[in-house]
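Take a look at the model below. We will go through the pairing of two strands, then the contact of the chains, then the DNA.

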Protein chains: 2
Amino acid sequence: MSSRKRVTIKDVAAATGLSPAAVSYALRGVQTSPDTQERVRQAAEELGYSGNAVARALARGRTGLAGVLSGSLQDLSEQRFVEILGRQLGRHDLHMVVVDARGEPDRERMLARQLADRLVDGLVISPLDPSDPAWAEIGEGLPIVTVGDALAGPTVGEVLFDNRTGVGLVLEHLHRLGHQRIAVLTPSRPSTPDRPAERVVAEKCAALGMQANVVNTRHSMEEATQAAAALLAHDPRPTAVFCLSDSIACGVYAAAAARGLEIPRDLSVAGYDDHPIACVVAPALTSVDWGLPEVATAAADLLAAAVAGRPGPPRQVRVAPALVERASTAAPA
Amino acid sequence: MSSRKRVTIKDVAAATGLSPAAVSYALRGVQTSPDTQERVRQAAEELGYSGNAVARALARGRTGLAGVLSGSLQDLSEQRFVEILGRQLGRHDLHMVVVDARGEPDRERMLARQLADRLVDGLVISPLDPSDPAWAEIGEGLPIVTVGDALAGPTVGEVLFDNRTGVGLVLEHLHRLGHQRIAVLTPSRPSTPDRPAERVVAEKCAALGMQANVVNTRHSMEEATQAAAALLAHDPRPTAVFCLSDSIACGVYAAAAARGLEIPRDLSVAGYDDHPIACVVAPALTSVDWGLPEVATAAADLLAAAVAGRPGPPRQVRVAPALVERASTAAPA
DNA sequence: GCGATTCACTGAATCGTTTCACTGAATCGT
DNA sequence: ACGATTCAGTGAAACGATTCAGTGAATCGC
């Protein structure tokens, strides 16, 4: 590609007859006379000089990069989260390194380790497996902000979802409508049956005296469609499906359509996270709103504060869920 | 956070009585005896050593990072593109730095410059303003793969959409159905009226003798909803709306619902990019499929090849569009 | 048994910045 | 006019790896 060599600060120094140190100062407008600054700026412009971010990062001990470790980027809501988070991190001059655990806790741990090697200044993570002891070690050397569940290790900030309430809102809603035999589609892998959200589902169903068939799938619409198809072929068929993401709910819509089931007449469907498309699918999807924009903003601010070295105890932000009742849930036939 | 200092290669060297160089070699399993390697590995483990990615990047001249410059991350299809691209880049041991131009060409140029400062090994970009002369300079020093439109500068690979055909498929479809007065919702900012896709729209409409009202909006569903609301309040109302993304189409759905218009009876709607939700919205959305997974794979492979220094001329991949007719388009009333 | 090759490892240079500790000159207050 | 501050700028030491050139020792072929 580039035939001629990269131009460094030394080249600018040579061109201006200054020392590299002076150039470094001048370019940042400190400790130098205005006319020197102008002279340096001009020379830099002419030579086409544009720093070397890696060298700068090594010297200053900061890369300006924030790691974002998504549990599953296939989920529409996580995609949206990344979009908004990026916008908010940008306000603090941080860029995102986005990596995707794809629902696999092992991969999540591996990626966190990789990123922690000083490539990123901090990490935002919505953990698949918040109880993994590895977090203690990783959080030791790197500012972490966790989103969703509390982490088994030190963090600089936590944006915690009250999943107990969130799950409760949906299950009580379905219970109130008269559903007794429901299915729950969760994005967990079998290897982490202990995820907080799922534990809450089991507890709450038991408390309400509902019979719940909990099925694991992934966030991809395609896989959720398959899982839902299997579920709906079951006899007796559940009267309602609670999906732990709106992406999964979309999969259920597709499976229901394929089977000729009409929502909500033949089947109630509830989602989770309240993605904007919940209003556009038909029938409009009942879901649980967490105020994702505020969540992302809080996460970004917490991380930025820690990266900038602003002191303070790990701050917690608790976000409350709100059930948004739409047209996809009704009393069973 | 971390009370004790970061452990470096020198610490491992001291612990094993070797030189830093030897440790460096041993950890990569070259030029050292097996038992030394084992000894080093063990010491590294005990000390909790885990390289410093920045220092490594400086020494080797590679960061292992690929920049991904999205035109507008609000677009569901771009989000999906990022997800798949990340998966494919991962196969080549590249992580993604994801940045969002948010539809602003100026921001796009600024971000490209920022990333180009050796922070990333290469850049994947779906350009908002492919004709910007700045690309020449940026592409000079950095492997770039462009997705969508050809860039006004050197690249190592191009995945080109045949927008002429893609736009033509939709417009001909609408024309065939009998639509004469249509609206086109594009995500462009007014500052780049010259984007290839839009130019094609104008040409094709003229060729078909259709009257097209081209309106700029953004990829966010909310903004598209507003733009569509204004559009639908117009008298005479267009009989069809062609949206240059499925996200925008979702906005039109919302606006149509708010106005009590039934799709496709009162209004035909066509999308672009064929996101999976096109099947789930109601009525199912007519859209144009580009084979996004293949596009992302091609882009990742092209970039990885260039980053790895494999030679070869800039390869071009042209992808052909396919119209997917669903239930959102019909003959006007 | 002897020169040539391989092997395992070392020391020092390198990557391109930033920053610390100085220095000589100019400016200051008194 | 004199000691004390600022100011603009320098040289060298970080930052933490990789890698080049070199060095003894062991191994090889013959």
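Which residue in β2(B) does M96(A) stand opposite? The partner is V98(B). This is a predicted model, where local features need pLDDT of at least 70, side-chain atom pairs count only at pLDDT 80 or more, and totals for chains, interfaces and linings use all residues. Residues are numbered from 1 along each chain as its sequence is written, while chains are lettered from A and ligands numbered from 1 in the order in which they are written.

Now take the strands themselves (strands are DSSP runs of E, at least two residues; helices are runs of H or I, at least four; both are numbered from the N terminus). Strand β2 of chain A covers residues 95-100. It runs antiparallel to β2(B), and 3 bridges join the two. Two strands pair if DSSP finds at least two bridges between them.

Next, the contact between the chains. Chain A gives 41 residues and chain B gives 41 residues. Here, contact puts C-beta atoms, placed from the backbone, within 7 Å. On the side of chain B, α4, α5 (76-91), β2 (95-100), α7 (134-141) and α11 (246-258) each supply at least two residues. β2(B) gives the most, with 6 residues.

Last comes DNA strand D. It is surrounded by 24 residues. Near means that the C-beta atom, placed from the backbone, lies within 6 Å. The closest are A22(A), T8(B), A21(B), S24(B) and A59(B). In both chain A and chain B, α2 (20-28) and α4 (53-60) give two or more residues to this surface. The largest share, 5 residues, comes from α4(B).

Notes:
Two residues are in contact if their C-beta atoms, placed from the backbone, lie within 7 Å.
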